[in-house]
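Student: Can we go through this one together? I'd like to start with the overall picture and then look at some residues.

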Amino acid sequence: MHNISTTSSFIGFDQEYDTSPVVLVGIPFDGTTSFRPGTRFAPAVVRPDSYGLETYSPYLHLDMEDYNLCDLGDIELPFGNTTKALNTIYKTFAQIIKDGKRPLTIGGEHLVSLPIIEAFSKIYPDLCIIHFDAHTDLREDYMGESLSHASVIRRAWDILGDNRIFQFGIRSGTKVEFDWAKSHTYLQPFHLDSLEEIIIQLQNRPVYITIDLDVLDPSIFPGTGTPEPGGIDFNTLIFAIKQFTKLNHIVGADVVELSPHYDISGVSTATCCKVIREMSLLLSHKQ
């Protein structure tokens, strides 16, 4: 796999690429972060901290040791050229998808989801997205830039269109974004209460899951660039991941927007690690 740098692997991701249906990829990019930068450091910090975890999940009653999982390392990206970076991500994931793998991505800022979604849309024309976030990410542009982590879901809508994007936990955005969502996306503000109903609707559809960790309340997850009070708690997020087991066709997922150095306690990084473990088991179990 070109443009991939090798680093220490995430716990449990120690198998070869050819034999692993699920692969982990780091994308150390925060070129459009609008407030506090630093998500580019998340993949490098998450991997060694993952060894504070067990490979067994008592939530899903599954163990990473029972599956073949491969950590591909981080995509090597140019600095200062967002378009080129996104193109590199797209090409890398197009190959991973062509190889029949289910990618799990460590961000990086949320814009890294866009080229992954685009690559999947070429294979699955009826692709749907489940999006957890504090922010709508539906701006047409941010300070004149159409490619931004503040507009990533709007750009995904450009690819997928209406009735394909399902947003949960949203509690921040412009009035224009909230009004626009009423006609173009399914947006559940503040909580995840309607998730089970939506999962039933999407049960047999191809689904990509994108989790912006700032969906969590900053009292739980302060290590992010744009903390937003009023979020969900960790157990609510875990319950949601358990509900994802009812989906029959999860094509891939990402976990984004950890900025580890804003939380010197390491709790935010530990939280991210645990979410990655649960998502890796979800993708493996549903293969």
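Tutor: Sure, and one term before we start: a contact means heavy atoms within 4.5 Å. This is a predicted model, where local features need pLDDT of at least 70 and side-chain atom pairs count only at pLDDT 80 or more, while totals for chains, interfaces and linings use all residues. Residues are numbered from 1 along each chain as its sequence is written, and side-chain values use heavy atoms, with hydrogens and water left out.

Student: OK, so among contacts between residues at least 6 apart in sequence, what share joins residues at least 24 apart?

Tutor: In the protein chain that share is 78%.

Student: How many helices and strands are there?

Tutor: The protein chain has eight helices and 11 strands. Those are DSSP runs numbered from the N terminus: H or I over at least four residues for helices, E over at least two for strands.

Student: And what's the radius of gyration?

Tutor: It's 17 Å for the protein chain, which agrees with the value near 19 Å for a compact globule of 287 residues. The radius is taken over C-alpha atoms, and the globule rule is 2.2 Å times the number of residues to the power 0.38. The C-alpha trace spans about 45 × 40 × 40 Å along its principal axes.

Student: What percentage of the residues is buried?

Tutor: 59% of the 287 residues count as buried. Buried is under 20% relative accessible area, exposed is over 50%, and partly exposed is in between (1.4 Å probe, protein chains only).

Student: Switching to residues: is H110 buried or exposed?

Tutor: H110 is buried, because its relative accessible area is 0%. H110 sits in the loop between β6 (102-107) and α3 (113-123).

Student: Which side chains does the H110 side chain make polar contacts with?

Tutor: D137 at 3.2 Å, and T210 at 2.7 Å. A polar contact is a pair of N or O atoms within 3.5 Å; within protein, one must be able to donate a hydrogen and the other to accept it, and residues adjacent in sequence count only if both atoms are side-chain atoms.

Student: Where is D74, then?

Tutor: D74 is in strand β5 (residues 69-75). D74 is buried at 8% relative accessible area, and its side chain makes a polar contact of 2.7 Å with the side chain of R47.

Student: Last one: is S183 buried or exposed?

Tutor: S183 is exposed, since its relative accessible area is 54%. S183 belongs to helix α5 (residues 175-184). D162 is 21 residues from S183 in sequence, and their C-alpha atoms are 7.8 Å apart.
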